[in-house]
Each structure stands twice: as structure tokens, then as C-alpha cells.
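Hi,

Here is the structure I said I would pass along. Have a look at it first, and then read on for what turned up.

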Amino acid sequence: KGGAFTEAFARAIPKLTGEAQREAREAFALRLKRMTAATLRGYLKDDQLEVRLAAATACGLKEDRQYIPDLVAVLSDKDNLVVASARSSLRALSGGKDFGPTGENPTPVEKARAAAAWNAWWLTQSK
């Protein structure tokens with residue numbers, strides 16, 4: 001428990017490779033899944049890649065559509081691994097919808113288009 005453990009987790013993951021790194025990322029996301037909405041939203045904006053990545057994954061694991069606007073905002077993240085995680089969580093929370101961005105290295109324009117499409121869809125769902 002505690003922020004120190006979260007920090008240690010985030011710093012250890014980049015030192016791992018392959019299956020060990022994948023498993024550690026999964027465990028970290030499961031840890032963050034237990035966090036409150038406010039804490040999780042803060043982690044989506046954290047300076048550390050691994051924290052943002054785990055938070056984006058945790059939002060999808062929570063199966064709570066309240067995180068959709070937060071995940072749409074994450075589509076503009078500087079790291080495309082985080083963007084891919086946000087997209088995956090958006091797909092899970094939307095019942096399989098997919099407005100992108102696609103590809104491993106989406107451009108800022110592609111990210112913005114995807115965010116606009118996700119926002120447009122979300123507006124139809126919020127009514």
C-alpha cells in the first residue's frame with residue numbers, strides 16, 4: 001500500500017523486458033484499478049510513462065464509462081504506448097466501437113481526429 005510502492009512499481013517496470021515486463025504492467029494496472037476515480041484521473045496525467053500507461057489500462061478494467069472523456073483526452077499523450085492503451089480501454093468501454101487512432105505511430109493530427117470522433121460519439125451516448 002501507499003504511494004511509495006506505486007512509485008517503485010513505475011520505476012521498476014522499464015528495467016524489465018519481455019514477458020516479465022508485460023506481467024509487471026498487468027499487475028500495475030490491476031493495482032491502479034483499485035484506486036478512486038480522482039486518483040486514477042491524476043495518474044492519467046502523471047509525468048511517468050508507466051503510471052499513465054497503467055492508469056489508462058485500469059480505466060478500461062474498471063468497466064465504468066465515466067472514464068471515457070478522460071481517456072479521450074489521453075489520446076493526445078506524447079507516448080504512443082499510452083495512446084494505444086487509452087484506445088484499447090475506449091474500445092472496451094464502448095462495447096467495441098473504434099474511432100482510432102490506428103497504427104503504431106499516429107501523428108498529432110490523427111490523434112486529434114480520433115479524439116474528435118470519440119467525443120462526437122460520446123455526446124450521442126450522454127443524452
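What share of the 127 residues in the chain is buried? The figure is 40%. Bear in mind as you read that this is a predicted model.

First, the overall picture. The chain has 7 helices and 0 strands, so its pattern along the sequence reads simply α-α-α-α-α-α-α. Its radius of gyration is 14 Å, close to the 14 Å that the globule rule gives for 127 residues, so the chain is as compact as a globular protein of that length. The C-alpha trace spans about 40 × 30 × 25 Å along its principal axes. Of the contacts with a separation of 6 or more, 57% are between residues 24 or more positions apart. As for the outside, the accessible surface comes to about 7,100 Å², and carbon and sulfur atoms account for 54% of that.

Next, helix α2, which is worth a look on your screen. It covers residues 18-33, and its 16 residues reach 23 Å from first C-alpha to last, close to the 22 Å expected. Its buried residues are Q21, A24, F28, A29, R31 and L32. Seen down the helix axis, these fall within an arc of 155°, so they line one face of α2. That fits with the helix geometry you know: an α-helix has 3.6 residues a turn, so residues three or four places apart point the same way. What do the buried residues of α2 pack against? Their partners are α1 (3-12), α3 (37-43) and α4 (49-61).

Then the salt bridges, where the count comes to 8. One of them also involves α2: R25 pairs with E50, with the closest N and O atoms 2.7 Å apart. Because R25 sits in helix α2 and E50 in helix α4, the pair ties together parts that are 25 residues apart in sequence. R25 is partly exposed at 24% relative accessibility, whereas E50 is buried at 5%.

Another salt bridge joins D77 and R52, with 2.6 Å between the closest N and O atoms. D77 lies in the loop between α5 (68-74) and α6 (80-93) and R52 in helix α4, so here too the linked parts are 25 residues apart in sequence. Both of these residues are buried.

R91 and D98 form a salt bridge as well, at 3.8 Å between the closest N and O atoms. R91 is partly exposed, with a relative accessible area of 37%, and D98 is partly exposed at 35%. Finally, E19, R22 and E26 are joined into one network by salt bridges that share partners.

Cheers

Terms used
Residues are numbered from 1 along each chain as its sequence is written. This is a predicted model: local features need pLDDT of at least 70, side-chain atom pairs count only at pLDDT 80 or more; totals for chains, interfaces and linings use all residues. Side-chain values use heavy atoms; hydrogens and water are left out. Helices (H or I, at least four residues) and strands (E, at least two) are DSSP runs, numbered from the N terminus. The expected span of a helix is 1.5 Å times one less than its number of residues. Buried means under 20% relative accessible area, exposed over 50%, partly exposed in between (1.4 Å probe, protein chains only). The arc is that of the directions from the helix axis to the C-beta atoms. Contact means heavy atoms within 4.5 Å. The radius of gyration is taken over C-alpha atoms; the globule rule is 2.2 Å times the number of residues to the power 0.38. Accessible areas come from the Shrake-Rupley method with a 1.4 Å probe; for residues, only the protein chains shown count as cover. A salt bridge is a side-chain nitrogen of Lys or Arg within 4 Å of a carboxyl oxygen of Asp or Glu.
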